[in-house]
Amino acid sequence: MRGTMRRLVPGRLEQTGIRTGLRWKLSAAIALVGALVAIALSLVVHNAARVSMLDNARDLADERIQIAQRVLETPGRPHFPGSKIDDPQLPRALHDKVDQGRRATYVTDHHGNVPDIWAAVPVKGGHVLSLHSHLTDRSTNILKDLDKALFIGSIAVVLGGSALGVLIGGQLSGRLRKAATAANQVAKGEPDVRVRDAIGGVVRDETDDLARAVDAMADALQQRLEAERRVTADIAHELRTPVTGLLTAAELLPPGRPTELVLDRAKAMRTLVEDVLEVARLDGASERAELQDIVLGDFVTRRVAAKDPDVEVRVVHESEVTTDPRRLERVLFNLLANAARHGKPPIEVTVEGRVIRVRDHGPGFPEALLADGPSRFRTGSTDRAGHGHGLGLTIAAGQARVMGARLTFRNVRPAGAPEHIPAEGAVAVLWLPEHAPTNTGSYPMLPSQGK
């Protein structure tokens with residue numbers, strides 16, 4: 001059941017981007033929207049203020065040109081300060097309006113982006129009276145101060161939006177991270193873990209809905225897998241008695257080739273029934289390791305010699321470990337049987353500290369096994385699948401899990417060789433833990449050591 005759950009809910013949830021990207025993506029999105037809004041509002045406010053100031057300046061220029069016109073038409077009075085008759089620098093657009101007999105004002109951009117204010121009016125004799133001035137320094141300073149205030153305000157909006165995004169994204173990311181961790185625990189075979197309890201809080205949002213959906217899915221899968229496990233175990237248990245009777249009856253047959261064939265198939269069926277029962281027990285998560293202290297190199301050497309004297313055992317570094325000898329022997333024998341059945345000699349066993357390696361020189365493990373791990377009733381490619389039911393490595397992985405060990409698989413290729421080059425052998429590596437699980441299935445709590 002644990003292996004199936006691991007495939008249905010992959011352990012790669014932590015690689016989907018939930019852990020690192022959501023907080024900063026949300027913060028960047030809010031900051032970008034805030035920046036765009038701040039820039040748009042700044043431009044609108046700046047242009048509105050500039051237009052308002054220019055309108056006031058034009059109204060003032062219009063009043064001054066009217067005064068200048070009255071002064072010009074009053075005999076004996078000097079010209080209005082700054083006024084000119086037929087100024088050659090008068091903008092052409094303004095001159096055209098005045099030629100139509102209209103009093104008008106006009107704005108041009110001067111060097112340094114300081115607007116020039118023009119006002120003109122037609123006078124007697126076909127002449128044009130005009131005034132030329134610049135936007136006042138006070139108005140220019142007001143615009144500069146306004147731009148500075150808008151810039152500071154925009155920066156504040158962006159920073160505030162970013163902080164808000166980090167806060168909101170951090171909360172959401174934290175909830176999703178807790179959900180992913182809990183889902184990983186469920187995938188690893190911890191049926192009591194619930195995503196909804198893991199994320200906690202009183203918030204009722206999409207994250208809460210996702211957690212409830214994952215919990216419902218996990219419950220449904222566990223119920224289904226448990227039902228399948230019970231059916232498999234019941235069928236295997238019911239088959240044990242008739243298979244045993246069949247084997248006993250076959251042994252009473254007269255010697256001959258037919259009797260050998262019947263005995264061979266009856267023994268194969270008994271082995272299959274026993275393996276199925278063992279897989280069902282391992283899936284039930286009720287198995288517990290019976291721990292003993294053993295010298296690993298000596299243990300492996302003696303067991304391998306009893307199983308197959310032709311297998312070479314090399315002890316690189318001896319160590320004493322606490323583990324379950326019976327389960328360790330089961331794992332070791334299954335790895336040797338798999339190497340003998342699907343690989344090619346010589347088969348080599350290496351013990352280095354707490355690590356046991358079993359290597360053959362065959363075509364290597366199939367890619368599906370390397371990617372997803374052992375799967376029952378699937379023996380991989382035809383290169384390594386001539387016999388068997390795919391239960392040997394499944395049982396080895398299950399027994400290793402009960403011992404708290406880790407079983408990995410890889411193929412041996414020449415250094416730098418591409419993937420399409422055939423493998424030169426298969427290597428199964430059993431990593432025994434430094435601290436074995438207790439009889440309750442948990443790991444001992446060790447006192448922390450100060451540095």
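Reader: How many salt bridges does the structure hold?
Author: Six, going by this predicted model.

Reader: Okay, take aspartate 96. Which side chain does it meet in a salt bridge?
Author: Aspartate 96 pairs with arginine 92, at 3.4 Å from N to O.

Reader: And where do aspartate 96 and arginine 92 lie?
Author: Both are in helix 3, which covers residues 92-99. They are four residues apart, about one turn of the helix.

Reader: Are those two buried or exposed?
Author: Arginine 92 counts as exposed, because its relative accessibility is 58% and the exposed class starts over 50%. Aspartate 96 has 33%, so it counts as partly exposed.

Reader: What about aspartate 324 and arginine 327, buried or exposed?
Author: Aspartate 324 is buried, and arginine 327 is buried too. Their side chains form a salt bridge with an N to O distance of 3.1 Å.

Reader: Got another one? Which side chain does glutamate 352 meet?
Author: Glutamate 352 meets arginine 357 in a salt bridge of 3.5 Å, N to O. Glutamate 352 is partly exposed at 38% relative accessible area, and arginine 357 is partly exposed at 25%.

Reader: Switching to the inside. How many residues are in the largest nonpolar core?
Author: That core has 31 residues. Those with the most contacts inside it are Leu296, Val300, Leu328, Leu335 and Leu430.

Reader: Which elements give two or more residues to this core?
Author: On the helix side there are helix 8 (296-307), helix 9 (325-342) and helix 11 (392-402). The strands are strand 8 (348-352), strand 9 (355-359), strand 10 (406-411) and strand 11 (426-431).

Reader: And which one gives the most?
Author: Helix 9, with six residues.

Reader: Let me click on leucine 328. What is it in contact with, leaving aside neighbours within four places in sequence?
Author: You should find Ile294, Leu296, Phe299, Thr323, Ile356, Met403, Leu430 and Leu432 in contact with leucine 328. There is also a second, separate core of 13 residues, with Ala57, Ala61, Ile117 and Ala119 among them.

Reader: Back to strand 10 for a sec. Is leucine 407 buried or exposed?
Author: Leucine 407, which sits in strand 10, is buried, because its relative accessible area is 15% and buried means under 20%.

Reader: What is leucine 407 in contact with, neighbours within four places aside?
Author: Leucine 407 is in contact with Leu335, Ala396, Ala397, Ala400, Val429 and Leu430. If you want a C-alpha distance to check, leucine 407 and leucine 393 are 14 residues apart along the chain and separated by 9.5 Å.

Reader: Now the outside. Which residues make the nonpolar surface patch?
Author: Phe151, Ile152, Ile155 and Leu159 make a patch of about 430 Å². Phenylalanine 151 is in helix 4, and isoleucine 155 is in that helix as well, which runs over residues 137-187.

Reader: How exposed are phenylalanine 151 and isoleucine 155?
Author: Phenylalanine 151 counts as exposed at 57% relative accessibility. Isoleucine 155 is partly exposed at 39%.

Reader: How far is phenylalanine 151 from isoleucine 39 in space?
Author: They are 8.5 Å apart, C-alpha to C-alpha, with their positions 112 residues apart in sequence.

Reader: Big picture, then. How many helices and strands are there?
Author: Eleven helices and eleven strands. The protein has 451 residues, and 37% of them are buried. Of the contacts between residues at least 6 apart in sequence, 65% join residues at least 24 apart. The accessible surface is about 26500 Å², with 57% of that belonging to carbon and sulfur atoms.

Reader: What's the average pLDDT?
Author: The average is 76, and 78% of the residues score at least 70.

Reader: Which elements have the lowest and highest mean pLDDT?
Author: Helix 1 (residues 2-8) has the lowest, at 45, and strand 9 has the highest, at 91.

Reader: Where does pLDDT stay under 50?
Author: Residues 380-389 are one such stretch, with 28 contacts beyond four places in sequence in the model. Residues 443-451 are also under 50, with nine such contacts. Where pLDDT is low, the predicted coordinates should not be read in detail.

Methods: Residues are numbered from 1 along each chain as its sequence is written. This is a predicted model: local features need pLDDT of at least 70, side-chain atom pairs count only at pLDDT 80 or more; totals for chains, interfaces and linings use all residues. Side-chain values use heavy atoms; hydrogens and water are left out. A nonpolar core is a set of buried Ala, Val, Leu, Ile, Met, Phe, Trp, Tyr and Cys residues joined through side-chain atoms within 4.5 Å. Buried means under 20% relative accessible area, exposed over 50%, partly exposed in between (1.4 Å probe, protein chains only). Contact means heavy atoms within 4.5 Å. Patches are made of residues with over 30% relative accessible area and no salt bridge: like charges are joined within 9 Å, nonpolar side chains (Val, Leu, Ile, Met, Phe, Trp, Tyr) within 5 Å. Accessible areas come from the Shrake-Rupley method with a 1.4 Å probe; for residues, only the protein chains shown count as cover. A salt bridge is a side-chain nitrogen of Lys or Arg within 4 Å of a carboxyl oxygen of Asp or Glu. pLDDT is the predictor's confidence in each residue, from 0 to 100.
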